[in-house]
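Please read the following account alongside the sequence and the coordinates. It proceeds from one surface position to the interior, and then to the paired side chains.

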Amino acid sequence: MPFRSKDTLQVWLDEFGAKEPGRIGTAYVADQEAVDGRDSGLVIFPLRNATTSVYIQPIETGAPDWRVTIEAQPEVTELSPESLYDLCEELANTAALCAFLQAKSIEHMAHLNAHAQD
């Protein structure tokens with residue numbers, strides 16, 4: 001799907017960052033080898049307050065739905081109340097970015113379908 005290209009996703013990340021200053025953190029579109037000639041649409045959202053990362057990607061080829069995956073932690077994370085609040089904020093930002101990417105994908109697919117019917 002065209003919405004999985006690194007260029008398109010970077011434009012969407014930039015748009016999200018402009019609309020939601022401070023919420024995008026260090027999220028970036030991953031460099032990946034295309035599967036069957038298509039990009040997978042993987043967005044990495046590193047966490048500052050945990051020893052793991054999360055990533056955001058479409059659930060399957062052709063589907064506009066996105067999911068957040070939280071990787072297993074290599075070690076135990078102990079946090080102060082302030083750091084836990086910060087981690088909660090990071091996870092809320094990840095959820096907001098995932099919802100934004102899903103909405104953009106649905107909009108993009110509707111646009112493609114409308115042009116295909118012309």
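Leu91 is found in helix α2. In this predicted model, Leu91 has a relative accessibility of 34% and therefore counts as partly exposed, since the buried class ends at 20% and the exposed class begins over 50%. Together with Val68 and Ile70, Leu91 makes a nonpolar surface patch of about 230 Å². For the chain as a whole, the accessible surface comes to about 7,100 Å², and carbon and sulfur atoms account for 52% of that surface.

The helix that carries Leu91 belongs to a chain with two helices and four strands. Read from the N terminus, the order of these elements is α-β-β-β-β-α. Of the 118 residues in the chain, 31% are buried. Among contacts with a separation of 6 or more, 53% join residues 24 or more positions apart.

Where does the nonpolar interior draw its residues from? In soluble globular proteins, nonpolar side chains tend to be buried together. Here, the largest nonpolar core has 19 residues, and those with the most contacts inside it are Leu9, Val43, Ile56, Trp66, Leu97 and Leu101. At least two residues of this core come from each of α1 (6-19), β2 (43-46), β3 (53-58) and α2 (81-117). The element that gives the most is α2, with five residues.

Thr94 offers another view of helix α2, in which this residue lies. Whereas Leu91 is partly exposed, Thr94 is buried, because its relative accessibility is 1%. Which residues does Thr94 touch, once its neighbours within four places in sequence are left aside? The contacts of Thr94 are with Phe45, Val54, Ile56 and Val68. Two of these names have appeared above: Ile56 is among the residues with the most contacts inside the largest core, and Val68 is part of the surface patch that includes Leu91. The C-alpha atom of Thr94 is also separated by 7.7 Å from that of Ile24, a residue 70 positions away along the chain.

The aromatic side chains provide a further link between the two helices. A pair of aromatic rings is described by the distance of the centres and the angle of the planes. A search of the whole structure finds one aromatic pair. The pair is formed by Phe16 and Phe100, with 5.3 Å from centre to centre and 50° between the planes, and this geometry is classed as tilted. The tilted class applies because the angle falls between the limit of 30 degrees for stacked rings and that of 60 for edge-to-face rings. Phe16 lies in helix α1 and Phe100 in helix α2, so the pair ties together parts that are 84 residues apart in sequence. Both partners are buried: the relative accessible area is 3% for Phe16 and 11% for Phe100.

Charged side chains complete the picture. Side chains of opposite charge can pair when their charged atoms come close. How many salt bridges does a search of the whole structure find? The search finds five. One of them joins Lys6 to Asp31, and the closest N and O atoms of this pair are 2.3 Å apart. Because Lys6 lies in helix α1 and Asp31 in the loop between β1 (28-29) and β2, this bridge ties together parts that are 25 residues apart in sequence. The two partners fall into separate accessibility classes: Lys6 is partly exposed at 32%, while Asp31 is exposed at 64%.

Another salt bridge brings together the side chains of Glu20 and Arg23, at 3.8 Å from N to O. Glu20 is partly exposed, with a relative accessible area of 31%, and Arg23 is likewise partly exposed, at 26%.

Within helix α2, Glu107 and Lys104 form a salt bridge whose closest N and O atoms are 3.6 Å apart. These residues are three positions apart in the helix, and so they are separated by about one helical turn. Lys104 is a charged residue that nevertheless counts as buried, because its relative accessible area is 12%. With Glu15 as a further member, Lys104 and Glu107 are linked in a network of salt bridges.

Technical notes:
Residues are numbered from 1 along each chain as its sequence is written. This is a predicted model: local features need pLDDT of at least 70, side-chain atom pairs count only at pLDDT 80 or more; totals for chains, interfaces and linings use all residues. Side-chain values use heavy atoms; hydrogens and water are left out. A nonpolar core is a set of buried Ala, Val, Leu, Ile, Met, Phe, Trp, Tyr and Cys residues joined through side-chain atoms within 4.5 Å. Buried means under 20% relative accessible area, exposed over 50%, partly exposed in between (1.4 Å probe, protein chains only). Contact means heavy atoms within 4.5 Å. Accessible areas come from the Shrake-Rupley method with a 1.4 Å probe; for residues, only the protein chains shown count as cover. Patches are made of residues with over 30% relative accessible area and no salt bridge: like charges are joined within 9 Å, nonpolar side chains (Val, Leu, Ile, Met, Phe, Trp, Tyr) within 5 Å. A salt bridge is a side-chain nitrogen of Lys or Arg within 4 Å of a carboxyl oxygen of Asp or Glu. Rings of Phe, Tyr and Trp (its six-membered ring) pair if their centres lie within 6.5 Å; planes under 30 degrees apart count as stacked, over 60 as edge-to-face and the rest as tilted.
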